[in-house]
Amino acid sequence: MTAPLKNRDMSLASVGPLARLTAGSPAKHPHCLIHAPLHTRAKKSLRVMKFGGTSVADASCITKVAHIVRDSLRGSSIVVVVSAMSGVTSKLVEAAAQSESGNGRRVATIFEELRERHGSAATALVRSAQKRQRLCRNMHALFQAAGVLCEDVLLRRALTLRARDSIAGLGERLAILLVAAALAEQEVASEAIETTELIVTDACHGAAEALMDLTRERCEARVRPVLSRGIVPVVTGFIGATVDGVLTTLGRNSSDYSGTILGAALDADDVTLWTDVDGILTADPKIVPDARSIPEMSYHEACALAEMGAKVLHPKTLRPIMQRGIPLMIRNTFAPDRPGTKITAAGRRRGTRA
């Protein structure tokens, strides 16, 4: 961080264990290719797997994600989409707001907490000191860039929608680096890719809509060659970019929407939303303890639930895949053997039980 912020309150550059791991200059680009033995390249089905914030909440959860992906590669090519660690986006939104109000001390505290959390995850996930240092340098560069944005907001006392999106999107950009590193520890070749390269949106900051034709072209050009080399793309949820490359966000809790956009753009065989519940339930389990998951339902039924406020589905999630008839599954990261809920055009087959 630069001197003006330090003179105000507290420098955003004050860090915990992460900074001690970031010897050397920051990487020029945060994307990283994790080299590991490639899987067989026979033609396979293509599946998009999106993991929510609770699924990547810490190193232990991220390791579970890596196991799920590794095991799924035996019969499929996989595109992984990830949210920020749980709670991180809310902290970043707070940091942006506190910057506008001039509270540099609170902003610095938030960034220090986030550095500590991501640095601890990196330490737990990556055994090799050299690889861990490279990972942490990449994360450090992202923190620095977001810190500069917050400092600019502090100086101007004005938070633009564009700046808010850029600050809020930091969590996903950090998460893909951690998930890619975890896959490498499982000897899975992976590449971290930001959806600013893939999902083209309008300029409606905070609630951008995907421009599907351009998105499909970008995905074919950028993701398809990665898949053809037997590499798992690990992609940011929540964010996209305008035609001119300006970062946008798709709306709060919209990483599921990112997953179905990519599924539709790549003509995936299915999309799975991995979360912390066993699919769509018959009732809120906090109120009805014996609530059970619904095995199958139609797009129409799922859309109705989302519009009524069902937390498990973002209202925009189903739009991209409905036109292409791509099934959507909702499954539990922490109980991967359970079938969860399958959402299709037809829905529940006659004679099956809800």
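How many Å apart are the end C-alpha atoms of helix α8, and what span should its 16 residues have? Select residues 170–185 to find out: the end C-alpha atoms of α8 are 24 Å apart, which agrees with the 22 Å that its 16 residues should span at 1.5 Å a residue. The expected span of a helix is 1.5 Å times one less than its number of residues. Helices (H or I, at least four residues) and strands (E, at least two) are DSSP runs, numbered from the N terminus.

Before moving on, note that this is a predicted model, in which local features need pLDDT of at least 70 and side-chain atom pairs count only at pLDDT 80 or more, while totals for chains, interfaces and linings use all residues. Residues are numbered from 1 along each chain as its sequence is written, and side-chain values use heavy atoms, with hydrogens and water left out.

**Stop 1: α8 and the residue after it**

Keep α8 selected and show its surroundings. Of its 16 residues, 16 are buried, so α8 is largely enclosed by the rest of the structure. Here buried means under 20% relative accessible area, exposed over 50%, and partly exposed in between (1.4 Å probe, protein chains only).

Now step to glutamate 187, in the loop between α8 and β4 (190–193). Its phi is near 60 degrees, a positive value in a residue other than glycine. Most residues other than glycine have a negative phi. Is glutamate 187 buried or exposed? At 54% relative accessibility, glutamate 187 counts as exposed.

**Stop 2: another positive phi**

Select phenylalanine 238 next, in the loop between β5 (232–236) and β6 (239–241). Phenylalanine 238 has a positive phi too, near 80 degrees. With a relative accessible area of 4%, phenylalanine 238 is buried.

**Stop 3: α10**

Go on to α10 (255–265). Eleven of the eleven residues of α10 are buried, so the helix is mostly covered. Among the buried residues to click through are Asp256, Tyr257, Ile261 and Leu262. Just after α10, stop at aspartate 267, which takes a positive phi of about 50 degrees.

**Stop 4: the largest pocket**

From α10 you can move straight into the largest pocket, since α4 (88–101), α10 and β8 (270–275) each supply at least two residues of its lining. The volume of this pocket is about 1300 Å³. Of the 43 residues that line it, the closest to its centre are Thr275, Asp276, Lys311, Val312 and Leu313, so select those five to centre your view.

A pocket is found on a 1 Å grid over the protein atoms alone, as an open set of points where a 1.4 Å probe fits, with protein on both sides within 12 Å along at least five of seven lines; lining residues have an atom within 4 Å of a point. Grid points are joined across faces, edges and corners, and the volume is the space filled by probe spheres set on the points.

Try colouring the lining by class: it has 19 nonpolar, 16 polar and eight charged residues. Ala, Val, Leu, Ile, Met, Phe, Trp, Tyr, Cys and Pro count as nonpolar, Asp, Glu, Lys and Arg as charged, and the others, Gly among them, as polar.

**Stop 5: lysine 316**

Which backbone oxygen does the side chain of lysine 316 reach? Find lysine 316 in the loop between α11 (299–307) and α12 (319–322). Its side chain reaches the backbone oxygen of leucine 250 at 3.0 Å. Lysine 316 is buried, with a relative accessible area of 8%.

**Stop 6: partners from afar in sequence**

Select isoleucine 78 in strand β3 (residues 76–82); at 1% relative accessibility, isoleucine 78 counts as buried. Add leucine 227 from helix α9 (residues 212–228). The C-alpha atoms of leucine 227 and isoleucine 78 are separated by 7.9 Å, although the two are 149 residues apart along the chain. Leucine 227 is also buried, at 12% relative accessibility.

Methionine 212 is found in α9 as well, and at 22% relative accessibility it counts as partly exposed. Draw a distance from its C-alpha to that of proline 320, 108 residues apart along the chain: the separation is 8.3 Å.

**Last stop: the cysteines**

Finish with cysteine 150, buried at 0% relative accessibility, and cysteine 303, buried at 18%. How many disulfides are there? Counting pairs of cysteine sulfur atoms within 2.5 Å, the total comes to zero disulfides.

Conventions. A polar contact is a pair of N or O atoms within 3.5 Å; within protein, one must be able to donate a hydrogen and the other to accept it, and residues adjacent in sequence count only if both atoms are side-chain atoms.
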